[in-house]
Amino acid sequence: PRVLGIEGTAWAASAAVYDPGEGVSIETDAYQPESGGIDPSEAAEHMHNAIPKVVGTALDHAAGLSDDDPPIDAVAFSRGPGLGPCLRIVGTAARALAQSLDVPLIGVNHMVAHLEIGRHRSGFDSPVCLNASGANAHVLGFHNGRYQVLGETMDTGAGNAIDKFTRHVGWSHPGGPKVEEAARDGEYTELPYVVKGMDFSFSGIMSAAKQEYDGGTPVEDVCVGLQETIFAMLTEVAERALSLTGSDELVLGGGVGQNERLREMLALMCEQRGAQFYAPEPRFLRDNAGMIAVLGATMYEAGDTIGIDESGIDSDFRPDQVPVTWRDEESV
Ligand code: ATP
């Protein structure tokens, strides 16, 4: 099927078309805060202005692929998790479009989409997924027909911790790429390493990093400490998840996954235990509608569509709430 996907959980107003022959084309309009971090009402205003434009471009693209009328078979949208004011705009746009084109509507869990795009692109069968984004950090594995959260952050997301530090030192949002750049010229600074069982905590690292900086430690050195500590924690839990599930495949998801050092650490860990590692290209790691369109097509084929009346958004939509209708394996 040819599916239009719409994403708008936080900063990315994005629409994409998945066509089995042509692949995925993505149109994204990013919200860039003038100062500070993401402001939910500004982000929603951005969605309001940008979603019609990116959807229009994606639909034109779909119309160029075939003479079918309508040019798409279904509309998929991210129902959550994310910022409520943003999700509501995306949900309204998706419902209106599905109704006006008279095609089915598909409600996608944003986190499951991060995992599934890795599975789709890698061709892996049943990977564990490490999802490291701004608002989230968790490890997912397939068990008993669901994507279970095997481990997750007990406080802030991995990217948000980094962004809060960079805000403190006066760098503009998003901070991740700036930390990666600065860390190239730094020396390691020790910061608190907090993994409890399968869960991690980043808030202590964030405060300690601010204190180091305020105490005169060069910012480059704090950046090395942030990367090494946060990424080692993520790598440890990902490794334990592979070990517990018996899976020998790891995929990466989320905007923090664009970081070369994180990818290097995960690749090394996988190599050492004889597992395969796949990191999708950056356009599929950061928030994007491509992953929504691709999972939308898979769900469409499984008959997993929803009525307008049951298509409400859910800002706390957890991956394990999603019945995985498109896979039939029993477990990892
Ligand atoms: P989600 O809704 O999936 O939680 P999100 O809205 O937080 O997603 P993403 O695009 O997945 O958005 O991730 C954005 C985060 O990625 C930001 O915190 C940003 O600082 C971080 N990031 C981007 N590039 C890098 C990088 N090179 N190194 C580290 N972090 C990065």
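## Exercises: loops and a ligand shell

Asp102 sits in the loop between H2 and strand E5 (105-109). Helices (H or I, at least four residues) and strands (E, at least two) are DSSP runs, numbered from the N terminus. This is a predicted model: local features need pLDDT of at least 70, side-chain atom pairs count only at pLDDT 80 or more, and totals for chains, interfaces and linings use all residues. Residues are numbered from 1 along each chain as its sequence is written, and side-chain values use heavy atoms, with hydrogens and water left out.

**Exercise 1.** Describe the backbone at Asp102 and find the cis peptide bond that ends at Pro81.

*Solution.*
- Step 1. Asp102 has a positive phi of about 60°, although it is not a glycine.
- Step 2. The bond from Gly80 to Pro81 is cis, with omega near 0°.
- Step 3. Pro81 belongs to the loop between E4 and helix H2 (84-101).

**Exercise 2.** Find the cis bond that ends at Pro70 and place this proline.

*Solution.*
- Step 1. The bond runs from Asp69 to Pro70, and omega is near 0°.
- Step 2. Pro70 lies in the loop between helix H1 (40-65) and strand E4 (74-80).

**Exercise 3.** List polar contacts of the ligand (pairs of N or O atoms within 3.5 Å; within protein, one must be able to donate a hydrogen and the other to accept it, and residues adjacent in sequence count only if both atoms are side-chain atoms).

*Solution.*
- Step 1. Trp11 places a polar side-chain atom 3.0 Å from a ligand oxygen atom.
- Step 2. A polar backbone atom of Gly176 is 3.0 Å from an oxygen atom of the ligand.
- Step 3. A polar side-chain atom of Glu180 lies 2.8 Å from a ligand nitrogen atom.
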